[in-house]
Amino acid sequence: MRTVLAMIALATLAACGADGEPVRPSMNAGVTVTPSGVHPSVSLGTKVGPVNLILGL
């Protein structure tokens, strides 16, 4: 849970534009149900120029 909160905090800081042009963060969340159980997934990302940065769990 701490990791998710840290990722959200970093994405929010990057989106505010404090160090340059603001960037737009993205977030994806999902749940996969398989015969072996339920698996949640979360990913946060941002695009700065030609670079995409995506962190996922």
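These are my notebook entries on a predicted model of one protein chain.

**Entry 1: overall layout**

I started with the secondary structure. The protein chain has one helix and three strands. Going along the sequence, I read the pattern as α-β-β-β. I then looked up how much of the chain is covered: of its 57 residues, 16% are buried. The chain exposes about 4,600 Å², and 65% of that comes from carbon and sulfur atoms. I also checked the contacts between residues at least 6 apart in sequence, and 17% of them join residues at least 24 apart.

**Entry 2: the sheet**

Next I asked myself: in what order do the three strands sit in the sheet? I find the order 1-2-3 in an open sheet, with antiparallel pairing. Strand 1 (25-34) and strand 3 (51-56) are the edge strands, each pairing on one side only. On average, neighbouring strands of this sheet are turned by 20° against each other, direction ignored.

**Entry 3: strand 1 with strand 2**

I went through the pairing of strand 1 with strand 2, which covers residues 37-48. Ten bridges hold this antiparallel pair together. I noted two positions to find the register by eye. A29 has V42 in strand 2 as its bridge partner, and T32 stands opposite H39 in strand 2. The link from strand 1 to strand 2 is a hairpin that runs through two residues.

**Entry 4: strand 2 with strand 3**

How many bridges join strand 2 to strand 3? I get six, and these strands run antiparallel. For the register here I wrote down G45, which stands opposite I54 in strand 3. Strand 2 and strand 3 also make a hairpin, with two residues between them. I checked the turn and found that G49 has a positive phi of about 60°.

**Entry 5: T46**

I picked T46, which lies in strand 2, and asked: is T46 buried or exposed? Its relative accessibility is 18%, so T46 counts as buried, the cut-off being under 20%. I then listed what T46 touches, leaving aside neighbours within four places in sequence. Its contacts are V23, R24, P25, V51, N52 and L53. Of these, P25 falls in strand 1 (25-34), and V51, N52 and L53 fall in strand 3 (51-56).

**Entry 6: M27**

My next stop was M27, in strand 1. With a relative accessible area of 51%, M27 is exposed, because exposed here means over 50%. Not counting residues up to four places away in sequence, M27 touches V42, S43 and L44. Those partners fall within strand 2 (residues 37-48). I also looked up the separation between M27 and L55, which are 28 residues apart along the chain. Their C-alpha atoms are separated by 9.6 Å.

**Entry 7: a nonpolar patch**

Last, I looked at the surface. Which residues make the nonpolar surface patch of about 310 Å²? V31, V33 and V38 make the patch. V31 and V33 belong to strand 1 (25-34), while V38 lies in strand 2. I looked up V38 in more detail: with 54% relative accessibility, V38 counts as exposed.

Conventions:
Residues are numbered from 1 along each chain as its sequence is written. This is a predicted model: local features need pLDDT of at least 70, side-chain atom pairs count only at pLDDT 80 or more; totals for chains, interfaces and linings use all residues. Side-chain values use heavy atoms; hydrogens and water are left out. Two strands pair if DSSP finds at least two bridges between them. Helices (H or I, at least four residues) and strands (E, at least two) are DSSP runs, numbered from the N terminus. Axes are lines fitted to C-alpha atoms, for helices over the stretch in contact, and angles run from 0 to 180 degrees between N-to-C directions. Patches are made of residues with over 30% relative accessible area and no salt bridge: like charges are joined within 9 Å, nonpolar side chains (Val, Leu, Ile, Met, Phe, Trp, Tyr) within 5 Å. Accessible areas come from the Shrake-Rupley method with a 1.4 Å probe; for residues, only the protein chains shown count as cover. A salt bridge is a side-chain nitrogen of Lys or Arg within 4 Å of a carboxyl oxygen of Asp or Glu. Buried means under 20% relative accessible area, exposed over 50%, partly exposed in between (1.4 Å probe, protein chains only). Contact means heavy atoms within 4.5 Å.
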